[in-house]
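The following paragraphs go through one chain, beginning with its pockets and ending with its interior. Please keep the sequence and the model in view while reading.

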Amino acid sequence: KKHHHHQQQQQQPLRDLLAFLQSDQFAGVVEQLTGLTITAGALEVRKFDKGHYTLAHDEDPYMKQEGLDVVLCFFAHGVSWKTDYGGTVHYVDGEEELLTVEPHSNTLSLVYRAEAGTSRFVKYVNSAAPCARFDISCTFAVADDDDDEDQEDDEA
């Protein structure tokens, strides 16, 4: 019973972080940082160990529209992640690679997908990787700014 209580205590900071990342307060911080208006969001906690990867696919409803990806990446303290290990996040539009985000521990990456249909994937983590890498990925739908431009045109 004592072990179970200790395990719950260890998990509490993660629960608190996940609750914060899904809160209106965090959405407000992201809106202030980016100038975007968030309309919806989804959160995933992911672990990438040796042999893990994701595929770019068009099934994700958030990738069918412009939006914002906010990713908190972390891995073992003191590890310097090398590009050779894989685990990099790639943004593509069809065959064209738009951006690669390298994993750095304890970092928050914000990537705005300006075009509908931009997809992302995590490259294969190979056997040279010294540890697993984790991320908490928040994918946000944002309000269409074209409405604001139309209103300004009407006033002119």
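Which element gives the most to the lining of the largest pocket? In this predicted model, that element is β6, with four residues. The strand spans residues 119-122, and the lining includes Ser 119, Arg 120, Phe 121 and Val 122. β1, residues 38-48, also supplies at least two lining residues; Glu 44 and Arg 46 are among the residues of the lining. The rest of the list is Thr 54, Leu 55, His 57, Asp 60 and Met 63. By class, the lining has four nonpolar, three polar and four charged residues. The space in this pocket comes to about 200 Å³.

The second largest pocket holds about 160 Å³. Its lining consists of 13 residues, and those nearest the centre are Leu 21, Gln 22, Gly 41, Ala 42 and Phe 140. Two or more lining residues come from each of α2 (24-34), β1 and β7 (133-142). Here β1 gives the most, with five residues. Nine of the lining residues are nonpolar, three are polar and one is charged.

The pockets can now be placed in the chain as a whole. There are three helices and seven strands. Read from the N terminus, two helices are followed by seven strands and then a helix. Contacts between residues 24 or more positions apart make up 82% of those with a separation of 6 or more. Of the 156 residues, 32% count as buried. The exposed surface of the chain is about 10000 Å², with 49% of it supplied by carbon and sulfur atoms.

What lies in the interior comes next. The largest nonpolar core has 14 residues, and Phe 26, Val 30, Leu 68, Val 70, Cys 138 and Phe 140 have the most contacts inside it. At least two core residues come from each of α1 (2-21), α2, β2 (67-75) and β7. The largest share is that of β7, with four residues. Phe 140 thus appears twice, in this core and in the lining of the second largest pocket.

Val 30 gives a local view of the packing. Leaving aside residues up to four places away in sequence, Val 30 touches Ile 38, Leu 68 and Val 70. Leu 68 and Val 70 are also among the core residues with the most contacts.

A second, separate core has 13 residues, including Phe 48, Tyr 85, Val 122 and Cys 131. Val 122 also lines the largest pocket.

Definitions and conventions: Residues numbered from 1 in each chain as written. Predicted model: local features only at pLDDT ≥ 70, side-chain atom pairs only at ≥ 80, totals over all residues. Heavy atoms only, no water. Buried < 20%, exposed > 50% of the residue type's maximum accessible area, 1.4 Å probe, protein only. Contact = heavy atoms within 4.5 Å. Areas by Shrake-Rupley, 256 points an atom, 1.4 Å probe, with all protein chains shown as cover. 1 Å grid on protein atoms, 1.4 Å probe; cavity = no way out; pocket = protein on both sides within 12 Å on 5 of 7 lines; lining within 4 Å. Points joined across faces, edges and corners; volume = space filled by probe spheres on them. Nonpolar A, V, L, I, M, F, W, Y, C, P; charged D, E, K, R; others polar. Core = buried A, V, L, I, M, F, W, Y, C linked by side-chain atoms within 4.5 Å.
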